[in-house]
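I opened this entry to look up the annotated site, the DNA strand and the two ligands. My notes follow in the order in which I checked things.

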Protein chains: 2
Amino acid sequence: MTTRPPRPRERGIPEATVARLPVYLRALQALQDRGTATVSSEALAGAAGVNSAKLRKDLSHLGSYGTRGVGYEVEYLIYQISRELGLTQDWSVAIVGIGNLGRALANYGGFGTRGFRIAALLDADPEVVGRSVASLDVRHIDSLEEVVRTKGVSIGVIATPAGSAQGVASRFVEAGVTSILNFAPVVLNVPDGVDVRKVDLSIELQILAFHAQRRADGDGQTHRSGLEVT
Amino acid sequence: MTTRPPRPRERGIPEATVARLPVYLRALQALQDRGTATVSSEALAGAAGVNSAKLRKDLSHLGSYGTRGVGYEVEYLIYQISRELGLTQDWSVAIVGIGNLGRALANYGGFGTRGFRIAALLDADPEVVGRSVASLDVRHIDSLEEVVRTKGVSIGVIATPAGSAQGVASRFVEAGVTSILNFAPVVLNVPDGVDVRKVDLSIELQILAFHAQRRADGDGQTHRSGLEVT
DNA sequence: CCCACTTTGTGCGTGCTTTCACAAGCACGT
DNA sequence: ACGTGCTTGTGAAAGCACGCACAAAGTGGG
Ligand SMILES: NC(=O)c1ccc[n+]([C@@H]2O[C@H](COP(=O)([O-])OP(=O)(O)OC[C@H]3O[C@@H](n4cnc5c(N)ncnc54)[C@H](O)[C@@H]3O)[C@@H](O)[C@H]2O)c1
Ligand SMILES: NC(=O)c1ccc[n+]([C@@H]2O[C@H](COP(=O)([O-])OP(=O)(O)OC[C@H]3O[C@@H](n4cnc5c(N)ncnc54)[C@H](O)[C@@H]3O)[C@@H](O)[C@H]2O)c1
């Protein structure tokens, strides 16, 4: 049993950096809308709510796209980050579970403002199947495999009750979808090579409660910073 | 080294641990519903999708609540985690922006399954104000301060368009709310001592896209693990 | 009472993240 | 051409987080 090189540093952009790139991208787009042509790391970091050294190091992972003494060209940087994130291509998204949340997601216009296209809506309830939501017909969950194939779905969104989520996830995987966004409050079990991310309202509230209680108790400044980012 | 310095471990549970406690809690509740009385770190870790050593270390921050050779008593551990997270008290939540998302949130039954009570819904649109959503009357945003005061709101949820989010956040802060959950895709600026957390669908999708592209490109196993947890 | 067995709690090495601090690089004015 | 001033890109240090591996602590059988 040889423990072989756990050295996947290859072209690796740190995960923490990847998670911040979309934030930078949004800040840059806001600047662009306002007509700004170039921006310093200091200013962009301010807009993104991070430390400027962190911003510079993050961007340095993509390449040297800044000009010393000047800053970064907004348009060029937007392009580079978009390319790195894979937003220059189109991503086809399928949403399963067209209930309260699924409908909100389907109706959400500025979906990703770029690159993401909702290709299909699926549900199991006969009452829901066949209806039109956000200009799309809700298809029956049984046609998931077909829909994935014909629409070229590459990202699956799960908005079903917790009990159904694992089943839906497995079917997504079976159908070849390797990126899943899960809104159901369960731990999904998927094979290696499949990427699952979760969004969990309840967890966020509980974390807020923890900090709030901490603040109320000893009232030492035990919590992180108070100045958090979005 | 010194083995037993009387170390009151009160201060400082690592942030990473805090973020996982709600996941453990949910797994424990599922076990309890199934009638399980005790559970080993191995089993609980499996249910929570984490490494068992990590689970044990996380729990050790709360105290020594396990029994060697046996495991953890489910009910007792649920109580301890709940207490640590502040779920033994009630939290009053106000949601601002009763659009697609706000309505979904308001109608979401298993809100936190414990501790969180939606106390008020607020909106600026005359069309929406006055309507009844999830058995609550939608109030006008102008009464935010009054509502916070009379209902004892301690957590504010922002589900307005991006452009309105900062204004709403400031009013929350002004009214004394120090915990904010933000769904709008903007970086909120708040004073120290105010805790803001964000939920951002678009960012999650972009992170998924990044990994998906990475997988498609070099196809070396450059991404983290593929086996992610929920 | 002792021993075999199970499982916790944690010391420790490793690698990732953040932050500081500054040399290097570029623009621009003279 | 060259100095001045500003901003980037990055070593280096410090701080966290993770997970292995094992001693300590408890259980149960003989
Ligand atoms: N509504 C919210 O604000 C909110 C917030 C956080 C988390 N969540 C989670 O999101 C999920 C959806 O919440 P919701 O409020 O929209 O619930 P919902 O009950 O309104 O909708 C669930 C939908 O999923 C469909 N469904 C059930 N089983 C299915 C299956 N096997 N295949 C396909 N479709 C199936 C149902 O027919 C229904 O239309 C839940 O897991 C919930 O815990 C919701
Ligand atoms: N719908 C989704 O699935 C989704 C997903 C991710 C993020 N978001 C974000 O969540 C937010 C809400 O999305 P939505 O789809 O519900 O939008 P929406 O337009 O349906 O609803 C927004 C609501 O906020 C109200 N509002 C506007 N300004 C206000 C103010 N100053 N005070 C009080 N209320 C105000 C509007 O009247 C409206 O009812 C947006 O920022 C959006 O980007 C939505």
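I first fixed the cut-off for my contact list: a polar contact is a pair of N or O atoms within 3.5 Å. The model I am reading is predicted.

**Ligand 2**

I started with Y108(A), where a side-chain N or O atom lies 2.7 Å from an oxygen atom of ligand 2; this pair is a polar contact because the cut-off is 3.5 Å. I then found a polar backbone atom of L101(B) at 2.8 Å from an oxygen atom of ligand 2. For T160(B), I noted a backbone N or O atom at 2.6 Å from an oxygen atom of the ligand. On its own, ligand 2 has 820 Å² of accessible area, and the protein covers 81% of that. I listed the elements that give two or more residues to its shell: helix 5 of chain A, and helix 5 and helix 7 (162-175) of chain B.

I counted 22 residues around ligand 2, with Y108(A), L101(B), D123(B), A159(B) and T160(B) nearest. By class I have 15 nonpolar, five polar and two charged residues in this shell. I logged the site as shared between chains, because residues from both A and B surround ligand 2.

**Ligand 1**

I next looked at ligand 1, which lies between chains A and B. Its surroundings comprise 22 residues, and I wrote down L101(A), D123(A), A159(A), T160(A) and Y108(B) as the closest. An N or O atom in the side chain of D123(A) is 2.5 Å from an oxygen atom of ligand 1. From chain B, I noted a polar backbone atom of A104(B) at 3.1 Å from a ligand oxygen and a backbone N or O atom of L105(B) at 3.4 Å from a ligand oxygen. Of the 820 Å² that ligand 1 exposes on its own, the protein covers 81%. Two or more residues of the shell come from each of helix 5 and helix 7 (162-174) of chain A and helix 5 (100-107) of chain B. I classed the shell as 15 nonpolar, five polar and two charged residues.

**Annotated site in chain A**

I checked the UniProt record, an unreviewed entry, which lists G97(A), I98(A), G99(A), N100(A), L101(A) and G102(A) as "binding site".

I followed two of these residues. N100(A) sits in helix 5 (residues 100-107) of chain A, and I have it as partly exposed at 36% relative accessible area. Beyond four places in sequence, N100(A) touches A104(B) and N107(B). L101(A) is also in helix 5 of chain A, partly exposed at 24%. With the same sequence neighbours set aside, I found L101(A) in contact with A159(A), F183(A), L101(B) and A104(B).

**DNA strand C**

I last turned to DNA strand C, which has 27 residues around it; R20(A), R68(A), S41(B), R56(B) and Y72(B) are the closest. Sugar and phosphate make up 63% of the strand atoms that come within 4 Å of the protein. I picked out R20(A), with a polar side-chain atom 2.8 Å from a phosphate oxygen, and R68(A), with a polar side-chain atom 2.7 Å from a base nitrogen. A polar backbone atom of G69(A) is 3.4 Å from a base nitrogen. Helix 3 of chain A gives the most to this surface, with four residues. I recorded the classes as seven nonpolar, eleven polar and nine charged.

Methods
Residues are numbered from 1 along each chain as its sequence is written. Chains are lettered from A and ligands numbered from 1 in the order in which they are written. This is a predicted model: local features need pLDDT of at least 70, side-chain atom pairs count only at pLDDT 80 or more; totals for chains, interfaces and linings use all residues. Side-chain values use heavy atoms; hydrogens and water are left out. UniProt positions are given in the numbering used here, feature names are shortened, and annotations may be inferred rather than shown by experiment. Buried means under 20% relative accessible area, exposed over 50%, partly exposed in between (1.4 Å probe, protein chains only). Contact means heavy atoms within 4.5 Å. A residue is near a molecule or strand if one of its heavy atoms lies within 4 Å of it. A polar contact is a pair of N or O atoms within 3.5 Å; within protein, one must be able to donate a hydrogen and the other to accept it, and residues adjacent in sequence count only if both atoms are side-chain atoms. Ala, Val, Leu, Ile, Met, Phe, Trp, Tyr, Cys and Pro count as nonpolar, Asp, Glu, Lys and Arg as charged, and the others, Gly among them, as polar. Accessible areas come from the Shrake-Rupley method with a 1.4 Å probe; for residues, only the protein chains shown count as cover.
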